[in-house]
Structures are given as structure tokens and as C-alpha cells.
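Visitor: I would like to go through this structure with you and ask how each label is earned. Could you show it to me?

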Amino acid sequence: MEKLLCGVDLGGTKLAVGLVDQEGGMLDKAVTYDHVDKDEDSVVKLIAESIRTMLINNHLTESALEGIGVGVAGHINYRKGMVITTSNLRGFRNYPFREKLQAYFDVPVVMDNDANAQTYGTFRFGAGRGYNDMIFMTLSTGIGIGIIIDGKLYRGFTGTAGELGHTIVEPGSSMRCTCGNYGCLMALAGGIALPELYEKTVKKGIKSTYAVRKDFDYQSVDGKILKEGLKKGDPATVAVVKEMARYTGIGIYNIFQIFNPPLILLGGGLLELGDLYFNEIRKTFYDLVKEMLFDPIEIKISRLGPDSGLLGAAALILERS
Ligand SMILES: [Zn+2]
């Protein structure tokens, strides 16, 4: 029998474990939220127990697995298998995660950040199938890319390549990024930018159906409010969405100039903003690229679905072989 892949998606709120076949079919899945307040070793133990339970439930033993792939939301040193930091879990500072989980199993364990995991998942099981090179771009609270070159993830020297969110696209900007710099792509086009961007837009004199309320708090502006604002035709929302899309389009243009990829896939919660957002991203890209486009390029939305993190984590096992 063809060996199965085990995926672990370790996020700030959710811990998911799944059994996946070699074509990306999900055979079983378990989700828990019990890990949130646990220390690192206890989280690893919980993961090991979840995997064992899943194997037993499916009348399998560890030997049915090709390996275990883990995607972690955080800053990862892939080479050393370390979690350097993660902003949404307790502890996990310079924590040798891979080695700790490996101690529970004989089959190989690999770990990478969730962006790389998702990228590789889309490459193997999603819209990236059949390509040799592609870029996967996550548009959510932050912005980042995963890079596939010649069928492999490109990670850089230690594993931090693809932090596109921290490339500076507007040096004179007053929008400050989490990194401390001004004018980073994610400070202008990521979900973290929304409250400030909305406030600035309103203060420029663009009408808002929200800000007229006395108790309105700009800090409450998130993707959900923008989605609602688009439906209502709120002028400030439309302006904010277009501005975010424009900077994202600049980011994609920069990606194009560096990598010349045949495919750029977009994923992440901001895509729920719909056609206005996506079309403006594409428009900006084509306006900038002009006649510098010599080869066909596809800019598409990745549709791997809500299990993309888990499928991607499982896929990491295929990448190492
Ligand atoms: Zn930054």
C-alpha cells in the first residue's frame, strides 16, 4: 500500500492533525484548541498523542506513514528545525521543535513555517500542479510569499526568504510596520493596516457610513467590516480596498521582476474582499508591467480550501524526498 502523509497545522488558536494520501485526499482530520496555554513540551506531547490516536482510530500503525510534516505559524529556522519565535503561542523561543517531536516517532519529521507549507501544498495538490516554478502569496493580517523554484521550495540561507511583507514600497509613508520600518508592503496592504488606513481615508474627506457614528472606533475596522462596507457601497471602504489592492499589485509586479514566474497564486482572508479587490490588484500589475511581459503569466486565486494549511504540512514530507 502507498504510504500516507501525516500533517500537523500548528496555529495560534487551532491545532489540526490529519492523514492525507499521496494525491492530497484527506482521510481523517482532528482539530483541537487545547494547546493554547500549554508550554512547548506539552504541545509537542499533545501533537504526538493526537497522531497516535488518529492512527489507532484508523487501524494503522506508524509504519503506514511516510513521515510527519508540521506547519508552524512563526519564524522558523528550517535547517535546524527550530522555532525561533512565534507571536501567537506561549513560549517557543529558540525551541528545537523538530527534534522534540522526532523523539516520539521513527518515521521522519519535517517542519516549516505555515506559509511555506501552504505554498508546497498548492504546488502538489492545488492549482500549482503541473508547474515547475510558482509563487504563492498570502494576503491576510500580514503578507508573505512562498517560492517554488524547479519543483522545490526556495528558503534562502536559513529559511526566511519570502518575507515580501517587509519589502518597502513607500519610503515616505507614515504607516509603520510591526518591524519598526515605515512603508513596508504589509503596513500598507496587510490586514494590520486596516484601522489606520480607514482613519486616514476618512480624514482626507472621503465619506464613511461608519465614521458618522459617535461611538465609532477605528480600531474595530477589520476584513469583516470592509466586506460589509463594500456591500453597502461605503465610499471610504471602496477607497481603502482599492488602495490596499494597488500596493499589493506593486508587490506582485516586484515579484514578477525578480522571479519571472509563470504562475502567481493568491491565498488568504483578504481575498474575501472579492472582485473589486482582486481586479484592482491585477489592473495595477498590468499597468506597471506594460510591454515588459514577454511570457504568459497567470495570477489566480488559490482554491485549496480551509484545509490548505493541513494539506500543505502533510505535503512537506514529499518535498524532502
Ligand atoms: Zn516591515
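Visitor: Why is helix H5 called oblique to helix H7?

Guide: The axes of H5 (residues 194-203) and H7 (residues 235-259) cross at roughly 125 degrees and come within 9 Å. Axes here are lines fitted to C-alpha atoms, for helices over the stretch in contact, with angles from 0 to 180 degrees between N-to-C directions. Angles under 35 degrees count as roughly parallel, over 145 as roughly antiparallel, 65 to 115 as roughly perpendicular and the rest as oblique. That makes H5 oblique to H7. This is a predicted model, in which local features need pLDDT of at least 70 and side-chain atom pairs count only at pLDDT 80 or more, while totals for chains, interfaces and linings use all residues. Residues are numbered from 1 along each chain as its sequence is written.

Visitor: Which residues make the contact of H5 and H7?

Guide: On H5 they are Leu-197, Tyr-198, Thr-201 and Val-202, and on H7 they are Ala-236, Ala-239, Val-240 and Glu-243. Residues are in contact if their C-beta atoms, placed from the backbone, lie within 7 Å. By class, the contact has six nonpolar, one polar and one charged residues; Ala, Val, Leu, Ile, Met, Phe, Trp, Tyr, Cys and Pro count as nonpolar, Asp, Glu, Lys and Arg as charged, and the others, Gly among them, as polar.

Visitor: What makes S3 and S7 stand at the edges of their sheet?

Guide: Five strands form an open, mixed sheet in the order S3-S2-S1-S4-S7. Strands S3 (26-32) and S7 (109-113) each have a single partner strand, so one side of each is left without a neighbour in the sheet. Strands pair if DSSP finds at least two bridges between them. Strands (E, at least two residues) and helices (H or I, at least four) are DSSP runs, numbered from the N terminus.

Visitor: How do you know that S2 and S3 pair?

Guide: Strand S2 (residues 15-20) and S3 are joined by six bridges in the antiparallel sense, so the requirement of at least two bridges is met. In one of them, Leu-19 has Asp-28 of S3 as its bridge partner.

Visitor: Why is Asp-150 called exposed?

Guide: A residue is exposed if 12 or fewer other C-beta atoms lie within 10 Å of its own, buried if 20 or more do, and partly exposed in between. Asp-150 has 7, so it is exposed. Asp-150 lies in the loop between strands S9 (143-149) and S10 (152-153), and its phi is near 55 degrees, a positive value in a residue other than glycine.

Definitions and conventions
Two residues are in contact if their C-beta atoms, placed from the backbone, lie within 7 Å.
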